[in-house]
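Me: I'm new to reading protein models, and I'd like a close look at one part of this one. Could you walk me through a strand in the middle of things and what surrounds it?

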Amino acid sequence: MSIFEHVKAKARECVKRIVLPEGDEPRTVQAAAKLAQEKLVIPILLGGPERIQSVAKEVGADISGIECIDPKASPKASAYAEALYELRKAKGVTLEAATQLVQDPMYYGVMMVKLGDADGLVSGAVHSTGDMLRPALQLIKTKPGNKVVSSSFLMDCPNKNLGHNGLLVYSDCVVVPCPTAEELAYIAISAAETARVLCGIEEPKVAMLSFSTKGSAKHELVSKVQEATRLAHELAPELALDGEMQLDAALVPEVGASKAPGSPVAGHANVLVFPDLQAGNIGYKMTQRIGGATAFAVLQGLAKPCNDLSRGCSVDDIVATVLCTAVQAQARD
Ligand code: ACO
């Protein structure tokens, strides 16, 4: 079963409300219509109702029955502003500024999720990653027991001998440029959760990647991964996680057996944790462009799910991201 089929089947089990702040963006409107028609989620579009209706007409999308909310005219705006002010006053946000902020669909959408009026949020067809992430980081914050928001790429590789029938989870490739050892440990634990929740991998095997395997090289960069491995074991002793190890030791059974004998992960890893964002971002793009894998990104570690789109996304990409968000929301129930 592909990731898409897996999340589609899961989403139907308990239908979630997902808010789309870029509610007048043509691909988003088409995706919302598709999701509502198939009863996979309850989409909520934010924006001026006339503009949303006119975009729907232009793209031939039936949005009858879909809730559209104009943050500038919403009766809930003042309650959201009050709540945002309470959450951010220590950071210097005034009530006046909070009132302005909730007129922005990104902030309004994040407040809907924060206050339980939506179960998750998807944005980024227009906004940059940073602009999409900041309100979620500031207001939704990390889930209890976690200290860092990060991302995973779900990589579907043509070589089905790799990972879990060709599925590999790569982390972090989007958010944390230079993680500390502690942050890397939390990233590894979040990536294992993503593998379970979104890929149906019941037993994630997490490899903490480096240019060294089990002390074969000595360098402060290697020490950071060793420390992250130690901390991750402390935080999640039940998790099959090992490191530090090179990529071939993580993926190739013979190399794993020779370089890391007795490891519960080496040679069979299905979750790869990169030591920093440069390695992760380059790694996923190489797998995609040179290795021919399909790549799909999600955020992890937030108290409630919010996901980012690429600005070049298709309608199907938005549908898939919304479905993943709904399944992440189910996992928070
Ligand atoms: N986890 C949890 N909280 C975080 C994180 C994180 N990873 N990063 C920032 N925060 C919190 C901060 O503590 C702060 O909270 P506070 O205001 O309550 O004190 C708040 O979020 C804002 O933090 P800033 O440091 O002001 O946010 P910044 O402007 O640095 O933005 C961002 C954070 C956007 C995630 C930044 O780290 C970033 O730009 N990362 C790289 C994004 C990127 O360009 N990725 C590559 C391209 S995407 C691709 O290729 C698919």
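**A strand and its surroundings**

Reply: Happy to! This is a predicted model, and a good way in is a β-α-β unit: strand 7, helix 9 (residues 220–235) and strand 8 form one, and its handedness is right-handed.

Let's stay with strand 7. It covers residues 205–209, and four of those five residues are buried, so the strand is largely enclosed by the rest of the structure. Buried here means under 20% relative accessible area.

Now for the neighbours of strand 7. Strands of a sheet pair through backbone hydrogen bonds, either parallel or antiparallel. With strand 8 (residues 240–245), strand 7 pairs in the parallel sense, over five bridges. You can find this pairing in the model by looking for K205, which stands opposite A240 of strand 8, and then for A207, which faces D242 in strand 8. Strand 7 also pairs with strand 9 (residues 271–273), again in the parallel sense, over three bridges. Here A207 is a handy landmark once more, as it stands opposite L272 of strand 9. A207 therefore has D242 of strand 8 opposite it and L272 of strand 9 opposite it, with strand 7 itself being largely enclosed.

Step back, and you can place strand 7 in the whole sheet. The sheet is open, has six strands in the order 8-7-9-6-5-10, and its pairing is mixed. Strand 8 and strand 10 (294–300) stand at the edges; each has a single partner strand, so one side of each lacks a neighbour in the sheet. From one strand to the next, the twist averages 20 degrees. Helix 8 packs on this sheet and touches strand 5 (150–156), strand 6 (167–171), strand 7, strand 8, strand 9 and strand 10. The direction of helix 8 makes about 45 degrees with that of strand 5.

Helix 8 has a helix partner too. Two packed helices are described by the angle between their axes and the distance between the axes. Helix 1 (residues 3–13) packs against helix 8 (residues 181–199) at an angle of about 75 degrees, with the axes 9 Å apart. That angle makes helix 1 roughly perpendicular to helix 8. On the helix 1 side, I3, H6 and V7 take part, and they meet V197, L198 and C199 in helix 8. Sorted by class, this contact has five nonpolar residues, one polar residue and no charged residues.

Finally, some backbone details are worth finding around the strands. In strand 8, where E244 is found, a cis peptide bond joins G243 and E244, with omega about -10 degrees. Another cis peptide bond runs from S171 to D172, with omega near -10 degrees, and D172 sits in the loop between strand 6 and helix 8. In the loop between strand 7 and helix 9 you will find K214. K214 is not a glycine, yet its phi is positive, near 50 degrees. With a relative accessible area of 41%, K214 is partly exposed. K141, in the loop between helix 7 (129–140) and strand 5, is also a residue other than glycine with a positive phi, near 65 degrees. K141 counts as partly exposed, at 41% relative accessibility.

Key. Residues numbered from 1 in each chain as written. Predicted model: local features only at pLDDT ≥ 70, side-chain atom pairs only at ≥ 80, totals over all residues. Heavy atoms only, no water. Buried < 20%, exposed > 50% of the residue type's maximum accessible area, 1.4 Å probe, protein only. Helix = DSSP H or I, 4+ residues; strand = E, 2+ residues; numbered from the N terminus. Pairing = 2+ DSSP bridges. Right-handed = clockwise from strand over helix to strand, strands pointing away. Axes fitted to C-alpha atoms, helices over the stretch in contact; angles between N-to-C directions. Parallel < 35°, antiparallel > 145°, perpendicular 65-115°, else oblique. Contact = heavy atoms within 4.5 Å. Nonpolar A, V, L, I, M, F, W, Y, C, P; charged D, E, K, R; others polar.
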